Amino acid sequence: MTTEDYTLAELAALTDSRLEGSGERRIHGVAPLESAGPDDISFLANPKYRAHLGETRAAAVILPDRESAEPYDFSVLRADNPYLVFARIARILNPVAHVVPGVHASASVAAGVRLADTACVEAQAVVGEGAVIGARCRIGPGVVVGENVVIGDDCRLDANASVLDGARLGARVHILPGAVIGGEGFGFAHAGDHWEPVPQLGSVVIGDDVSIGANTTVDRGSQGDTIIGDGCKIDNLVQVAHNVHIGEHTIIASGTGISGSTRIGRYCTIGGSVGFAGHLEIADGVTFTGMAMVIGNVPEAGVYSSGIPAMPTRDWRRSAVRFRQLDEMARRLEKLEKAMQKTKERDEQ
Amino acid sequence: MTTEDYTLAELAALTDSRLEGSGERRIHGVAPLESAGPDDISFLANPKYRAHLGETRAAAVILPDRESAEPYDFSVLRADNPYLVFARIARILNPVAHVVPGVHASASVAAGVRLADTACVEAQAVVGEGAVIGARCRIGPGVVVGENVVIGDDCRLDANASVLDGARLGARVHILPGAVIGGEGFGFAHAGDHWEPVPQLGSVVIGDDVSIGANTTVDRGSQGDTIIGDGCKIDNLVQVAHNVHIGEHTIIASGTGISGSTRIGRYCTIGGSVGFAGHLEIADGVTFTGMAMVIGNVPEAGVYSSGIPAMPTRDWRRSAVRFRQLDEMARRLEKLEKAMQKTKERDEQ
Amino acid sequence: MTTEDYTLAELAALTDSRLEGSGERRIHGVAPLESAGPDDISFLANPKYRAHLGETRAAAVILPDRESAEPYDFSVLRADNPYLVFARIARILNPVAHVVPGVHASASVAAGVRLADTACVEAQAVVGEGAVIGARCRIGPGVVVGENVVIGDDCRLDANASVLDGARLGARVHILPGAVIGGEGFGFAHAGDHWEPVPQLGSVVIGDDVSIGANTTVDRGSQGDTIIGDGCKIDNLVQVAHNVHIGEHTIIASGTGISGSTRIGRYCTIGGSVGFAGHLEIADGVTFTGMAMVIGNVPEAGVYSSGIPAMPTRDWRRSAVRFRQLDEMARRLEKLEKAMQKTKERDEQ
């Protein structure tokens, strides 16, 4: 990243936000309210951090309309979505470095690869036969691009990632370090006293503007493809099994596992360490909170949860024992209700 | 993979299945009922997909004995286990490409390595001193084989996998991309105000026909070895800690973690994201469903579960609060039962 | 590792433990009681393994003060913490091999790197511009060290690990195979119909004597840094998100995920597969048992748990259904109590 600087008026214009106060001030960086210096811009999205406004040294703060700025010295940018404007200003001030085209002397690029002139292949990377790599791509150090992989323009593949046989990536896809795209799916047929492999003949298709986290694994399909829609953002250490489809703009936090053939809708929000059984259908617009256990279809948008929040171990032990007795407790409760009903009826006679 | 083609009669003979209808038809591929074309063979294992039989364009379908084929045009192969026959035909039609022997110019093979003439070492791979690599092995791009590792015949190590110091692999072992075999176990002794490392002196021993998933980690033993039995199939992102033993033909889905010194029996089926405490003994033939929390020995075969299925968050919040009160609720229930008993006794006087 | 040998008296002196019996015996190795041979030393820390004392062939055993050694033939070292003395003797007998300085011919070290004369860079490793690597460091095969990374003395980076742009490591840090330090944090701003990336401008700062497990991921901070304190030990496949702070000497088992900006205290013990929500504060000295779900601050030291232990699936199904009815059950219980109270009052009239 390199750092640029802009006047506040320029930043307001570039982000369609409304300036209050002087627009002459030059802004060099972004920072949280607590640590911002006099050349920085900051933001307030959550009113619970309002107290920091009084103490910030920021030159300017991005505020929502409803938030009064009267008592403060800083300049103000007004925005409906302060965090989004903050993100955009952060990108303006810290543009991603241009790719320096070329193939490092230590990289290994097979004959017949179609590599854009403007792409770069860094040290120790491998590009297999038949691969196609688009304009301004950056194939990072130690990356393996397998045979016949197709990578769109402006993709970044970070250190030691593996994108394997036949995977197809759209434009502006970011594969983080150590991620594995297109590994063999986990398919075995039971043969009495052993398991036999089922050939995994499909591939992985990833849309535009997708991000895949560090050490995440996306398996190739068994017959059809594993599909990740445009705009999906997937965090680190996520498992996406063969034949899974993930709809556009769905976001998935770290540690989540999605079993084979499950289909997740568009615009879903999936917390960390959520587990999905296989062959499920999840509607558009579903949110799962962290560690949810998803073992049935979810046909309607909404927020879903499961799990037991941590508590002192002594209390937990007691409750966990009772959990096993829950059905019995429910039956006893029912029995008591009937007995009570009888008692009442008798009393009323 | 390359694609071959066979007549249906040939496929029936090769898989010991029973042909009904013409055996002359040439089969080029396998596909699900819904997407099969007129040169494909498909299968029905689960009666709930029976409706697809009426619409499939497949040339032939593998059916269980009980399933009527009367109304349909396709040829039929009869099998006790249609999915297994399907898997076998898929392998016949899509044989794994032969290994092209040789060491890529960019690979680094230490002096004194014993590498079979028929093995290949791909681009940027590293093979350390004293390693032994069997016939027809494929050491993929970017793979690191550590010192004194012994690899049997017909193994595949996929891109960027690491198989480290002293690990011993049987024949036909498949290590998927990014997997780490033989990393140092997690052993520390508490020394009052800090932790001190306990040397991890053992190694990893893997049997024949084992598959280890992408980015899965199998630690080397602290004194003895970590052992994975013949025929085990382990999915992506699984943790196998030091000194764990896994019995033959056990299958483990993604995200599962097995803590140190736990022993898992033969022919177990372990769902995704299951957690095992350390030093446990799990019998042969045990199944755990996904996200099960295993904190005690399981001395008997059977199916075991835990966890709470996801539900609407509003409902979940109420139940989760009550979970903490479960023991108290149980005591109140007992008290009520006693009171009711007294009431009854009095009424009966 | 190479193996040395010492007399028992020497080992007692080196570890401040008290010798009982002959000190002349030469000790070559460490081993568990069950498998120790006549040149080995073993230990008893947990009285439940006492039965093994009668059968061990070990030359010597490290015992706690309270444990009688009367009936046995072996020599004894007395120690308050037998496991710690065992760990120290194991390290004395199995010292880590000295680093052989030098850069492997196949490695790629950028111009301007400051690499200590005593460090080594192994095959196919990459060291980026501006990196600084301390004395006696071992940069393993296939490792990527990104630009401007600073690595202290005596660090080990194992096979295929990635330590990226600007990360700063203290002394004696051990990064296990495939770990990713300094990958981009997971930060996106919602922009109505898509997500936009928030630049991740911070880095990762790791203290002295830290261990980071295989395929673990530690993201760089969004504005400030992600910080891991001195002496922390982190197992495999752990996720440490951006801006997380982990206090000194905290130990974290495999599979745990820590969401963004959460702060964990010093001397905490975190079991396997624990999940932390973001923006939490966890006090010093907190223990979480495996699979705990941490969604609130924990201001006090203590032991905390959650989750449901695995049980036969048939029983589990019944309890899981009842869990959803828990709030209703609690209300019915309350109603019964009131009815019972009325009945009693009436009876007492």
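A salt bridge here is a side-chain nitrogen of Lys or Arg within 4 Å of a carboxyl oxygen of Asp or Glu, and with that criterion in hand the tour of this predicted model can begin at a single pair.

Select Arg91(C) and Glu196(B) to start: these two residues form a salt bridge, in which the closest N and O atoms lie 2.9 Å apart. Across the interface of chain B and chain C the rule finds six salt bridges, and between the two chains there are also 27 residue pairs in polar contact, with both residues at pLDDT 80 or more.

Next, highlight helix 4 of chain B, residues 326–348, which contributes nine residues, the largest share of the side of chain B that touches chain C. Colouring that side of chain B by residue class gives 38 nonpolar, 25 polar and nine charged residues.

Now widen the selection to the whole contact, which draws 72 residues from chain B and 69 residues from chain C. Between them the two chains bury about 5800 Å², with 65% of this area on carbon and sulfur atoms. To see where chain B contributes, pick out Phe186(B), Trp195(B) and Met293(B), which supply 12% of the area that chain B buries against chain C, more than any other three residues.

Finally, turn to the backbone and show strand 39 of chain B, residues 302–305, together with strand 40 of chain C, residues 311–312; the two strands run antiparallel and are joined by two bridges. Within this pairing, centre the view on Tyr304(B), which stands opposite Pro312(C) in strand 40 of chain C.

Note on methods:
Residues are numbered from 1 along each chain as its sequence is written. Chains are lettered from A and ligands numbered from 1 in the order in which they are written. This is a predicted model: local features need pLDDT of at least 70, side-chain atom pairs count only at pLDDT 80 or more; totals for chains, interfaces and linings use all residues. Side-chain values use heavy atoms; hydrogens and water are left out. Contact means heavy atoms within 4.5 Å. Buried area is the accessible area (1.4 Å probe) that two parts lose on being put together, summed over both. A polar contact is a pair of N or O atoms within 3.5 Å; within protein, one must be able to donate a hydrogen and the other to accept it, and residues adjacent in sequence count only if both atoms are side-chain atoms. Helices (H or I, at least four residues) and strands (E, at least two) are DSSP runs, numbered from the N terminus. Ala, Val, Leu, Ile, Met, Phe, Trp, Tyr, Cys and Pro count as nonpolar, Asp, Glu, Lys and Arg as charged, and the others, Gly among them, as polar. Two strands pair if DSSP finds at least two bridges between them.
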